[in-house]
Amino acid sequence: MTFIPNEADAGIDGEQSELDSVDLDVILDGFRLRGVKSGCAVTAGSNLDSIVAAGSILYDGVTVAIPGGTLSHAAAGAQLRFDLVVADSSGTLSIINGTAFYSSTYGPSLPTYSNKVVLAIVTIPANATSLTSSNIVDHRIVIGTVDHGG
């Protein structure tokens, strides 16, 4: 379920707690029948790996099986960046790398995505060599089945 932590609860960087365009797009995707039906939680693996649990997504109203798997993030640079962990309409998992940038006025920019379901935003700190649960913010929009009666 989409979770935007309070600043005090942000594990790595206060930037994790700010509402941004990806947060709004993910919420709107739920209205487009794009989201998670079950599973697909993202956890930290070894090194700079994210582990995605098996599950299923709904993409434009069609259920798509997600096999789960381990994804490796690109090496960390000298600046903080945010990566998106996503699944597409064919069931393929991938990472969309963010742009490393940081200043006292603006944090790193989030990457854009299209035709994908966002599962998590992962903070890649400067010079990081591993991830923990504090790096990962769950951005799954869980879409359930509604019984309208009849």
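This briefing walks through the fold, the salt bridges, a cavity, a surface patch and a few unusual spots in one protein chain.

Keep in mind that you're looking at a predicted model. The chain has 150 residues, and 45% of them count as buried. Its secondary structure comes to 1 helix and 10 strands. If you start at the N terminus, you meet the helix and then the strands, in the order α-β-β-β-β-β-β-β-β-β-β.

**Salt bridges**

- The count of salt bridges comes to 3.
- One of them joins the side chains of Arg 34 and Asp 60, with N and O 2.7 Å apart. Arg 34 sits in strand S1 and Asp 60 in the loop between S4 and S5, so this pair ties together parts that are 26 residues apart in sequence.
- The two partners in that bridge have their own levels of cover. Arg 34 has a relative accessible area of 17%, so it falls under the 20% cut-off and is buried. Asp 60 comes in at 44%, which makes it partly exposed.
- Arg 81 pairs up with Asp 83, and their closest N and O atoms are 2.8 Å apart. Both Arg 81 and Asp 83 are buried.
- Asp 138 and Arg 140 make another salt bridge through their side chains, at 2.8 Å from N to O. Here Asp 138 is partly exposed, with a relative accessible area of 24%, while Arg 140 counts as buried because its relative accessibility is 15%.

**A cavity inside**

- The structure holds 2 cavities of 30 Å³ or more. Let's look at the second largest, which has a volume of about 40 Å³.
- Which residues line the second largest cavity? They are Val 26, Asp 29, Arg 34, Gly 35, Tyr 113, Val 117, Val 118, His 139 and Ile 141.
- Three elements each give two or more residues to this lining: helix H1 (21–31), strand S1 (34–39) and strand S9 (116–124).
- Sorted by type, the lining has 5 nonpolar, 2 polar and 2 charged residues.
- You've already met one of these residues: Arg 34 is part of the lining, and Arg 34 also holds the salt bridge to Asp 60.

**A nonpolar patch on the surface**

- Leu 24, Ile 27, Leu 28 and Phe 31 together make a nonpolar surface patch of about 410 Å².
- Try finding Phe 31 in the structure: its place is in helix H1.
- Is Phe 31 buried or exposed? Phe 31 counts as exposed, because its relative accessibility is 70% and the cut-off for exposed is over 50%.
- Helix H1 therefore turns up in two topics here: it gives residues to the lining of the second largest cavity, and it holds Phe 31, a member of the nonpolar patch.

**Backbone oddities**

- Here's a bit of background: most residues other than glycine have a negative phi.
- Asn 47 goes the other way, with a positive phi near 55° even though it isn't a glycine. You'll find Asn 47 in the loop between strand S2 (42–44) and strand S3 (49–52). At 52% relative accessibility, Asn 47 counts as exposed.
- Asp 60 also has a positive phi, about 50°, and it's not a glycine either. Asp 60 lies in the loop between strand S4 (55–59) and strand S5 (62–66).
- That's the Asp 60 from the salt bridge with Arg 34.

**Far along the chain, yet brought together**

- Val 64 and Ser 90 are 26 residues apart along the chain, and their C-alpha atoms are separated by 6.9 Å. Val 64 is found in strand S5. With a relative accessible area of 10%, Val 64 is buried.
- Ala 75 and Ala 128 are 53 residues apart in sequence, and their C-alpha atoms are 7.9 Å apart in space.
- Where does Ala 75 sit? Look in the loop between strand S6 (69–72) and strand S7 (81–88). Ala 75 counts as exposed, at 63% relative accessibility.

Technical notes:
Residues numbered from 1 in each chain as written. Predicted model: local features only at pLDDT ≥ 70, side-chain atom pairs only at ≥ 80, totals over all residues. Heavy atoms only, no water. 1 Å grid on protein atoms, 1.4 Å probe; cavity = no way out; pocket = protein on both sides within 12 Å on 5 of 7 lines; lining within 4 Å. Points joined across faces, edges and corners; volume = space filled by probe spheres on them. Helix = DSSP H or I, 4+ residues; strand = E, 2+ residues; numbered from the N terminus. Nonpolar A, V, L, I, M, F, W, Y, C, P; charged D, E, K, R; others polar. Patch = residues over 30% accessible without salt bridge, like charges linked within 9 Å, V, L, I, M, F, W, Y side chains within 5 Å. Areas by Shrake-Rupley, 256 points an atom, 1.4 Å probe, with all protein chains shown as cover. Salt bridge = Lys/Arg side-chain N within 4 Å of Asp/Glu carboxyl O. Buried < 20%, exposed > 50% of the residue type's maximum accessible area, 1.4 Å probe, protein only.
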